[in-house]
Amino acid sequence: MTTQPREKIIVGLSGGVDSAVAALTLVESGADVEALFMFNWDEDETGRCQAAADFDDAAAVCRQLDIPLHRADFSANYKARVFSYFLDRLQAGRTPNPDVLCNREIKFGVFFDYALRLGADRVATGHYARVGSADAEPALFRGRDPGKDQSYFLAAMPRTTLARTLFPLGDMVKSEVRERARSAGFDVHAKPDSTGVCFIGERDFEGFLRNYLNTDPGPIRVSGGALDGQLIGEHRGLHAYTVGQRRGLGLGGVAGAQPSPWFVADKTVADNTLWVTQEPDHPRLTATQLTTSACDWLIDAPTRAFKCTAQVRYRQAAVACRVEPLANNALNVTFDRPPGSIAEGQYVVFYDHERCLGAAEIEHVETDTTPGRATV
């Protein structure tokens, strides 16, 4: 990471250890650093603002680094641009990814623009990813720490923001970040990583969603095998499940079934049915082809079919695939082998080795309709 003398950099502080060390690294580089904390959710079910404690942690880091701290409320933007879409897609039986949307619409949307209005030359965050160059253009690359790489979540960020973005943690591993925070005397050095939905935080998420969605229970039926079509249980709302899910199904001791795991094979919203299977090679779980909505490219939009690798969810190995452009910037993607359970609503993210090329929401999954293979 290289900064310029007297360059003004505004770093997004979340109150966690990653963004604190990002700010520390920038201060040590000699840059003119200021911090910006954003509120994206006003209060929880009890009326308590969960972000208040995080803001206090961010303020403590700024006092130690002797840098200014700004604060901004983007909760209205978040609800309009991220949360409403998230609910719509869940209601449609899909598995949306609010973290990808939050990066595109908020962190590298309204937050980025706000930082520029504060006079920033560049904007930094505590993501584990790298901004470099390729073909004489700014490019996004995976973070060096394979266990923390967050390029998947950044893949839909506007291409135009890359040239003015810094990821100071891109070449670090998590253990190094915590050690630097401890050495700097930051109280957040041992603060647990956030595992909640982006800027909504950790909570009883199923209970939280019941305030916004129709979460009526419905039948669980078997797809394929000797029990094909049989009713074997009741689900607690389709929004709580995703294709390929194994845990939390509440199934056991089904008469006539093998003592092997159950997987979610599909969801049909029209009859509020959850379909499950014990067949690891069920065509819905081994699909190799999908179509997408319009792709957010970090390169010039391809006009011809090409080969690359892609992953259909976070922390999944990238699989070789062929990408064919369709009308309206949509794509048809065919994998060389099943990439794992593909869920409509998730993002497929494309890579050329370490370079991230772009991302698109999965609209439809093609399944094998060969006679004898189970379909829902």
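**A walk from a helix crossing to the cores and loops**

In this predicted model, let us begin where two helices touch: Val17, Asp18, Val21, Leu24, Thr25 and Glu28 of H1 meet Lys174, Val177, Arg178, Arg180, Ala181 and Ala184 of H6. Sorted by character, the residues of this contact are six nonpolar, one polar and five charged.

Two packed helices are described by the angle between their axes and the distance between the axes. Here, H1 spans residues 17-28 and H6 spans residues 174-184, and their axes come within 9 Å while crossing at roughly 70°. Angles from 65 to 115 degrees count as roughly perpendicular, so H1 is roughly perpendicular to H6. As for handedness, the crossing of H1 past H6 is left-handed.

From the helix pair we can move to the interior. In soluble globular proteins, nonpolar side chains tend to be buried together. In this model, the largest nonpolar core holds 42 residues, and Ile106, Leu140 and Val349 have the most contacts inside it. Several elements each supply at least two of its residues, among them strand E2 (32-39), helix H3 (75-91), helix H4 (98-117) and strand E18 (355-366). Which helix gives the largest share of this core? That is H4, with nine residues.

Val349 is a good residue to click on next. Beyond its neighbours within four places in sequence, Val349 is in contact with Tyr152, Ala155, Thr309, Ala310, Gln311, Cys356, Gly358 and Ala359. There is also a second, separate core, made of 31 residues and including Ala31, Ala35, Phe39 and Leu169.

Now for a charged residue in strand E18: Arg355. Is Arg355 buried or exposed? The cut-off for buried is under 20% relative accessible area, and Arg355 is buried because its value is 11%. If you set aside residues up to four places away in sequence, Arg355 touches Ala134, Asp135, Ala139, Leu140, Phe141, Leu298, Ile299 and Phe350. Leu140 in that list is also one of the residues with the most contacts inside the largest core.

The loop between H5 and E7 offers two stops. One of them is Pro158, which is partly exposed with a relative accessible area of 26%. Pro158 and Gly109 are 49 residues apart in sequence, yet their C-alpha atoms are 7.9 Å apart. Outside its stretch of four places either way, Pro158 touches Arg104, Phe108 and Leu298. Leu298 also appears among the contacts of Arg355.

The other stop in this loop is Ala163, partly exposed at 48% relative accessibility. Ala163 and Arg122 are separated by 41 residues in sequence and by 8.3 Å from C-alpha to C-alpha. Leaving aside neighbours within four places, the contacts of Ala163 are Arg122 and Pro138.

Finally, have a look at two backbone angles. Asp66 has a positive phi of about 60° although it is not a glycine. Asp66 sits in the loop between helix H2 (51-65) and strand E3 (69-73), and it counts as exposed because its relative accessibility is 70%. Asn329, also not a glycine, has a positive phi of about 70°. Its loop lies between strand E15 (319-325) and strand E16 (331-335), and Asn329 counts as partly exposed at 30% relative accessibility.

Terms used:
Residues are numbered from 1 along each chain as its sequence is written. This is a predicted model: local features need pLDDT of at least 70, side-chain atom pairs count only at pLDDT 80 or more; totals for chains, interfaces and linings use all residues. Side-chain values use heavy atoms; hydrogens and water are left out. Axes are lines fitted to C-alpha atoms, for helices over the stretch in contact, and angles run from 0 to 180 degrees between N-to-C directions. Helices (H or I, at least four residues) and strands (E, at least two) are DSSP runs, numbered from the N terminus. Angles under 35 degrees count as roughly parallel, over 145 as roughly antiparallel, 65 to 115 as roughly perpendicular and the rest as oblique. A crossing is left-handed if the near helix is turned anticlockwise from the far one by less than a right angle, and right-handed if clockwise. Contact means heavy atoms within 4.5 Å. Ala, Val, Leu, Ile, Met, Phe, Trp, Tyr, Cys and Pro count as nonpolar, Asp, Glu, Lys and Arg as charged, and the others, Gly among them, as polar. A nonpolar core is a set of buried Ala, Val, Leu, Ile, Met, Phe, Trp, Tyr and Cys residues joined through side-chain atoms within 4.5 Å. Buried means under 20% relative accessible area, exposed over 50%, partly exposed in between (1.4 Å probe, protein chains only).
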